[in-house]
Number of protein chains: 2
Amino acid sequence: MIFNQIERISNLLRAEERKEGGEYGLQAVHMETLYYLSKCNRFSDTPASVTEYLQLTKGTVSQSLRVVESKGLIKKQTDACDRRVIHLKITARGKRVLANSMPPSLFSNALEEMPLETKAQLQTALDTLIKACQKENNSKSFDVCGSCRYCQPVDDKTHFCGLTKQPLSNDDIQLICREHTLIQTNE
Amino acid sequence: MIFNQIERISNLLRAEERKEGGEYGLQAVHMETLYYLSKCNRFSDTPASVTEYLQLTKGTVSQSLRVVESKGLIKKQTDACDRRVIHLKITARGKRVLANSMPPSLFSNALEEMPLETKAQLQTALDTLIKACQKENNSKSFDVCGSCRYCQPVDDKTHFCGLTKQPLSNDDIQLICREHTLIQTNE
DNA sequence: TCAATATAGTTTCGACTCGAAACTATAAAT
DNA sequence: ATTTATAGTTTCGAGTCGAAACTATATTGA
């Protein structure tokens, strides 16, 4: 029953993405890519990360990125330390498209209409579901730094990533990281 | 925030559909088509209904259906009353594929793990969200007969559809109908 | 240190999606 | 009986998608 609902909402979302993206000659997967890039941290804005997030092949993603780049929505930047790595930066134009389209108005309006209490319940329940899926997938949780086992508080303004050995700001820890690892729970 | 979660779950679902479908040479949209056909009623198993449900164009759907048919998962049947209309029937093979793949195990397992109370809250909250989306879309709600304004109870075993003038069984009213219309609420 | 191996990304191919527009066929309306 | 509407198909071009071969850079290790 819940799966029916998820499946339906997923189709609604995809239809909206097609509709919104269509105005700019974009496909649904382009919108999903752009949206991911707007939510991920500075270690996770690479073709490989997009590939893992969407669970496609790197060849497929490479082609889609070429299209999105050709429309002037992202820009490629070679990493300074590792010249194999490319960072995908959303352009000003890309940000405008994204701001107009995501979330699609169908969802922002529907969510606005919902009672606050129902929204709070929905958020908590979805969080439980996502965590269960992440556990089930047992790798690649693609969540925000704040909920990662490697994230350590330093003071009230900074945190520290035990994996990349990099400092993280309060803004940083709200971004999605490809290296995100679930906090271990003993059961 | 809730939108982030929905977007993530939607990507997880699509990835699972690709994975499960891939074993049979099927694409994600093929899985969604098959799943829809397994959940819809006898008035709604047509190419036009699939088109409206997925919000694609009829040309696109026509081609996808040809592929799904060529793999022996559905069969086309011309309607007896209106020879323009085609009914899409899932074959035994199609049913087997569907039973193996939908819901994908990632979701059935994750849902199994969730506490009953959380599940109940999730279901209620998702229902509210879907209803809000249906209202926002103001047409094409694609929901089960039971929640349609045209559905009238006759006795404890049968109902009656005021639109198609057809009797509906208790099983029937749990299937998705393309003519589904929201019960009007005065606000 | 230099060769083997691993990693990040691109390219190419073939099957398929997707929208748009032209098309066929049947039914309904006038 | 002729329009008009509806259901579905076909064709075209751009793009997705996976698989496999490819380039380029980093890392490993003998």
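Me: Which elements each supply at least two residues of the surface near DNA strand D?
Reply: In this predicted model, H2 and H4 of chain A do so, together with helix H3 (47-54) and H4 of chain B. Helices (DSSP runs of H or I, at least four residues) and strands (runs of E, at least two) are numbered from the N terminus, and a residue is near a strand of DNA if one of its heavy atoms lies within 4 Å of it.

Me: How should I read the numbering, and what does the prediction limit?
Reply: Residues are numbered from 1 along each chain as its sequence is written, while chains are lettered from A and ligands numbered from 1 in the order in which they are written. Local features need pLDDT of at least 70 and side-chain atom pairs pLDDT 80 or more, whereas totals for chains, interfaces and linings use all residues, and side-chain values use heavy atoms, leaving out hydrogens and water.

Me: OK, which residues come nearest to DNA strand D?
Reply: Of the 26 residues around DNA strand D, those that come nearest are A:His30, A:Arg84, B:Ala48, B:Lys58 and B:Ser62.

Me: What parts of DNA strand D come within 4 Å of the protein?
Reply: Sugar or phosphate holds 66% of those atoms of DNA strand D, and the rest belong to bases. On the phosphate side, a polar backbone atom of B:Ala48 lies 2.8 Å from a phosphate oxygen of DNA strand D. On the base side, the side chain of B:Arg84 has an N or O atom 3.0 Å from a base oxygen of DNA strand D, and the side chain of A:Gln63 has an N or O atom 3.5 Å from a base oxygen of that strand.

Me: And DNA strand C, which residues come nearest there?
Reply: There are 26 residues around DNA strand C, and A:Ala48, A:Lys58, A:Ser62, B:His30 and B:Arg84 come nearest. Of the atoms of DNA strand C that come within 4 Å of the protein, 65% are accounted for by sugar and phosphate.

Me: What does A:Ser62 lie 2.8 Å from?
Reply: A polar side-chain atom of A:Ser62 lies that far, 2.8 Å, from a phosphate oxygen of DNA strand C. From chain B, a polar backbone atom of B:Thr57 is 3.0 Å from a phosphate oxygen of DNA strand C, and a polar side-chain atom of B:Arg84 lies 3.4 Å from a sugar or linking oxygen of the strand. The elements that give two or more residues to this surface are H3 and helix H4 (58-70) of chain A, along with helix H2 (28-39) and helix H4 (58-70) of chain B.

Me: Switching topic: how many residues of chain A are in contact with chain B?
Reply: Chain A has 55 residues in contact with 56 residues of chain B, contact meaning heavy atoms within 4.5 Å. The two chains bury about 5600 Å² between them, 65% of it on carbon and sulfur atoms; buried area is the accessible area (1.4 Å probe) lost on putting two parts together, summed over both.

Me: Which three residues supply the most of what chain A buries there?
Reply: A:Ile2, A:Phe3 and A:Arg8 supply 12% of the area that chain A buries against chain B, more than any other three residues.

Me: How many salt bridges cross that interface?
Reply: The rule (a side-chain nitrogen of Lys or Arg within 4 Å of a carboxyl oxygen of Asp or Glu) finds 2 salt bridges between chain A and chain B. A:Glu113 forms a salt bridge with B:Lys135, in which the closest N and O atoms are 3.8 Å apart.

Technical notes:
Polar contact = N/O pair within 3.5 Å; in protein donor to acceptor, adjacent residues only side chain to side chain.
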